[in-house]
Amino acid sequence: MIYNLQYVQHAIKPLQEELKNHSLYSKLESFEDIKVFMQAHVFAVWDFMSLLKYLQINLTTVQTPWVPSENTEIVRFLNEIVFGEESDLNELGEARSHFEMYRDAMQQAGASTARIDLFIQQISEGKTMQNAFSSVVVNPKVQDFVLFTESLIQSDQAHKAAAAFTFGRENLIPDMFYQILEKADPDNGLYSKFRFYLDRHIEVDGDEHGPLSLQLVKQLCGKDESKWISVLKTADTALRKRIALWDAIEEDIAAYVTL
């Protein structure tokens, strides 16, 4: 059996289809539902940057004195992705990370940022992930999603982190997001920041960063079959964690509706 990028993509396709057809999407019926979605999903948006910065720190030269990298193709891939994710331009032409764009969209929409703000404050004060989560009330599956990423970073195996980065993130923006936005805000005045984030997410992650991240995995694994097997296992787990995150948001919406 030959393990390579094509094999991994084929093997994880059933999980990707499960994610694509998750029942959460049918539960998103109003902008109130989307606000509940954002309040949990923002942890995954933040978590994505931690994974990306780990890869940048470990695969590019970020210390002094500077020395050339062994693989400038990987350096270029990562620097292009970091440039877009950490310092993109928002709808006003202001430099903002995609996380900051998302948080701005939450504030404009009236979704609470209290939990993610407190969590980041705890992290900035040097608290561990576990301790930071002890101060924030979130669905355990949301916490599990973030802690899985942290476990990959702590394992310090770049190909595993790259696998989660590439295959464990949703690359689908459900059509109903736009349908709900069109119904709730036909003039694009109330939720313009979220609409811009969605449009930018599709443009950058789909057209640019998606193909680059596939190349990153390919470069890191080369012809090392053991790494490809590890990538497959990590991708499988990452997708299951993403599905569990969607389960958590569906649970949160159901709990909100019954209040």
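How many salt bridges are there in this structure? In this predicted model, the count comes to 13 salt bridges, and a few of them make a handy way into the fold.

One of them joins the side chains of K27 and E250, with 2.4 Å from N to O. The two partners come from distant parts of the chain: K27 belongs to helix α3 (residues 24-27), E250 to helix α13, and 223 residues separate them. Their surroundings can be compared with the cut-off for burial, which is under 20% relative accessible area. E250 has 14% and is therefore buried, whereas K27, at 35%, counts as partly exposed.

Another salt bridge stays inside one helix. The side chains of K35 and E32 meet at 3.0 Å, N to O, and both residues sit in α4, 3 residues apart, or about one turn of the helix. Here K35 is the buried partner, at 13% relative accessibility, while E32 is partly exposed at 35%. A further pair, E182 and R195, meets at 3.9 Å, N to O. Because E182 is in helix α11 and R195 in helix α12, this bridge ties together parts that are 13 residues apart in sequence. R195 counts as buried at 13% relative accessibility, and E182 as partly exposed at 42%. Salt bridges also link R96, E100 and D104 into a network.

Next comes helix α5. This helix covers residues 72-86, and its 15 residues should span 21 Å at 1.5 Å a residue; the end C-alpha atoms are 20 Å apart, so the model agrees with the expected span. At the N-terminal end, N71 acts as a cap, with a side-chain oxygen 3.1 Å from the backbone nitrogen of E73. Buried residues of α5 are I74, V75, F77, L78, I81, V82, G84 and E85.

The loop leading from α4 (31-59) to α5 holds P65, and the peptide bond from T64 to P65 is cis, with omega near -5 degrees. Two other loops have their own backbone quirks. D156, in the loop between α9 (140-155) and α10 (158-167), has a positive phi of about 55 degrees although it is not a glycine. Its relative accessible area is 48%, so D156 is partly exposed. N188 lies in the loop between α11 (175-184) and α12 (192-221) and is also a non-glycine residue with a positive phi of about 55 degrees. N188 is partly exposed too, with a relative accessible area of 34%.

As for empty space, the model contains 3 cavities of 30 Å³ or more. The second largest cavity has a volume of about 50 Å³, and its lining is made up of L51, F145, F148, T149, A164, G168, R169 and A238. Helix α9 gives the largest share of that lining, 3 residues. Sorted by class, the cavity lining has 5 nonpolar, 2 polar and 1 charged residues.

Among the pockets, the second largest encloses about 180 Å³ of space. Its lining comprises 13 residues, of which V36, Q39, R115, D252 and Y256 lie nearest the centre. Both α4 and α13 (225-257) supply at least two lining residues each, with the largest share, 4 residues, coming from α4. The pocket lining divides into 5 nonpolar, 4 polar and 4 charged residues.

Terms used. Residues are numbered from 1 along each chain as its sequence is written. This is a predicted model: local features need pLDDT of at least 70, side-chain atom pairs count only at pLDDT 80 or more; totals for chains, interfaces and linings use all residues. Side-chain values use heavy atoms; hydrogens and water are left out. The expected span of a helix is 1.5 Å times one less than its number of residues. Buried means under 20% relative accessible area, exposed over 50%, partly exposed in between (1.4 Å probe, protein chains only). A polar contact is a pair of N or O atoms within 3.5 Å; within protein, one must be able to donate a hydrogen and the other to accept it, and residues adjacent in sequence count only if both atoms are side-chain atoms. On a 1 Å grid over the protein atoms alone, a cavity is a set of points where a 1.4 Å probe fits but cannot get out, and a pocket is an open set with protein on both sides within 12 Å along at least five of seven lines; lining residues have an atom within 4 Å of a point. Grid points are joined across faces, edges and corners, and a volume is the space filled by probe spheres set on the points. Ala, Val, Leu, Ile, Met, Phe, Trp, Tyr, Cys and Pro count as nonpolar, Asp, Glu, Lys and Arg as charged, and the others, Gly among them, as polar. A salt bridge is a side-chain nitrogen of Lys or Arg within 4 Å of a carboxyl oxygen of Asp or Glu.
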